[in-house]
Amino acid sequence: MRNELESVNADMLPPQVRRLVKVIGLPDTLTLLKQRGGTRLTLPVRPELAVELPKLIPADSVRKICNSELAGQRLDLPKSDKIMVQLRNQAILAEKGKSTKRETAQRYGLTTRMIKLIWNGESDDNPTPDMFS
C-alpha cells in the first residue's frame, strides 16, 4: 500500500488533508482518515496529553503534530474517499489493455462510461461525473 500511496496527487486532496500530509505523511494521514474520517478531532498540544491519537497513529506522528502549527487545533476530518478514489483509479489504469471495459467496470462496481473516462484521463477523480457538461 505504501508504494501505491507515493503516486497520490496531494494537490487533489482537501486542504486540511494536505496540512496533515505535510506534517505526518500520507500513510499515517490515510490511517487517521480511515478510522476517524467524517468526524471532528481536537489535536493535542503535547504528546503526553494525547489520549485518542496514539491509538490511531504512531507516537512519532503524534509528536510531529504536537510540534507543528496543527497543535491544539480542531479539525473536521474528511473521509478518506479522495485518496481511495485516486488509488482505485490508478489500479483501473493499470488494467487498461489487460481486460475489457465491461470486466473492469464489474470488478470495481463502476459503469463502463466511468472506466472509459478513467482510461482516457478525463476523470477528475469524481466518482459521479456531471452528465450535463
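Helices, taken as DSSP runs of H or I with at least four residues, are numbered from the N terminus, and by that count N89 lies in helix α6, residues 81–94. The model on screen is a predicted one, and the tour below moves through it one selection at a time.

**Whole chain**

Before selecting anything, colour the protein by secondary structure: there are eight helices and two strands, and read along the sequence they follow the pattern α-α-α-β-α-α-β-α-α-α. Of the 133 residues in the protein, 38% are buried. If you draw the contacts with a separation of 6 or more, 61% of them are accounted for by residues 24 or more positions apart.

**Stop 1: helix α6 and its partners along the chain**

Select N89 in α6. Is N89 buried or exposed? Its relative accessibility is 5%, and because buried means under 20% relative accessible area, N89 counts as buried. Now add I118, which is 29 residues away along the chain, and display the distance between the two C-alpha atoms, which comes to 6.6 Å.

Staying in helix α6, move the selection to L93. At 42% relative accessibility L93 counts as partly exposed, since that category covers the values between under 20% for buried and over 50% for exposed. Which residues does L93 contact once its neighbours within four places in sequence are left aside? They are I118 and W119, and for W119, 26 residues from L93 along the chain, the C-alpha separation is 5.7 Å.

**Stop 2: helices α7 and α8**

W119 belongs to α8, which makes the contact of α7 with α8 a convenient next selection. Select residues 101–108 for helix α7 and residues 112–119 for helix α8; their axes come within 8 Å and cross at roughly 105°. Angles of 65 to 115 degrees count as roughly perpendicular, and α7 and α8 are therefore roughly perpendicular to each other. To see the side chains involved, show K101, R102, T104 and A105 in α7, which meet T112, I115, K116 and W119 in α8. The residues of this contact of α7 with α8 divide into three nonpolar, two polar and three charged.

**Stop 3: helices α2 and α3**

Go back towards the N terminus and select 15–24 for α2 and 26–36 for α3. How do α2 and α3 pack, in angle and in distance between axes? The angle is about 130°, and the axes are 7 Å apart; α2 and α3 are therefore oblique to each other. Turn the view until one helix lies in front of the other, and note that the crossing of α2 and α3 is right-handed. In α2 the residues to display are V17, L20, V21 and I24, and they meet L26, D28, T29, L32 and L33 in α3. By class, the contact of α2 with α3 has seven nonpolar, one polar and one charged residues.

**Stop 4: helix α5**

Keep α2 and α3 displayed and add helix α5, residues 59–66, whose buried residues are S61, V62, I65 and C66. Looking down the axis, you will find that they cover an arc of only 140°, which puts them on the same side of α5. The buried residues of α5 pack against α2, α3 and α4, the last of these spanning 53–56.

**Stop 5: the loops on either side of β1**

The loop between α3 and β1 holds T39, so-called here by its sequence number. T39 is partly exposed, with a relative accessible area of 32%. Not counting residues up to four places away in sequence, T39 touches L75, D76 and L77. Adding K79, 40 residues from T39 along the chain, gives a C-alpha separation of 8.3 Å.

For the last selection, pass to the loop between β1, residues 40–42, and α4, where E52 lies. What relative accessibility does E52 have? The value is 34%, and E52 counts as partly exposed. Apart from its neighbours within four places in sequence, E52 is in contact with R36 and L41. Between the C-alpha atoms of E52 and T42, 10 residues apart along the chain, the separation is 9.7 Å.

Conventions
Residues numbered from 1 in each chain as written. Predicted model: local features only at pLDDT ≥ 70, side-chain atom pairs only at ≥ 80, totals over all residues. Heavy atoms only, no water. Axes fitted to C-alpha atoms, helices over the stretch in contact; angles between N-to-C directions. Parallel < 35°, antiparallel > 145°, perpendicular 65-115°, else oblique. Contact = heavy atoms within 4.5 Å. Nonpolar A, V, L, I, M, F, W, Y, C, P; charged D, E, K, R; others polar. Buried < 20%, exposed > 50% of the residue type's maximum accessible area, 1.4 Å probe, protein only. Arc of directions from axis to C-beta. Left-handed = near helix turned anticlockwise from the far one by under 90°.
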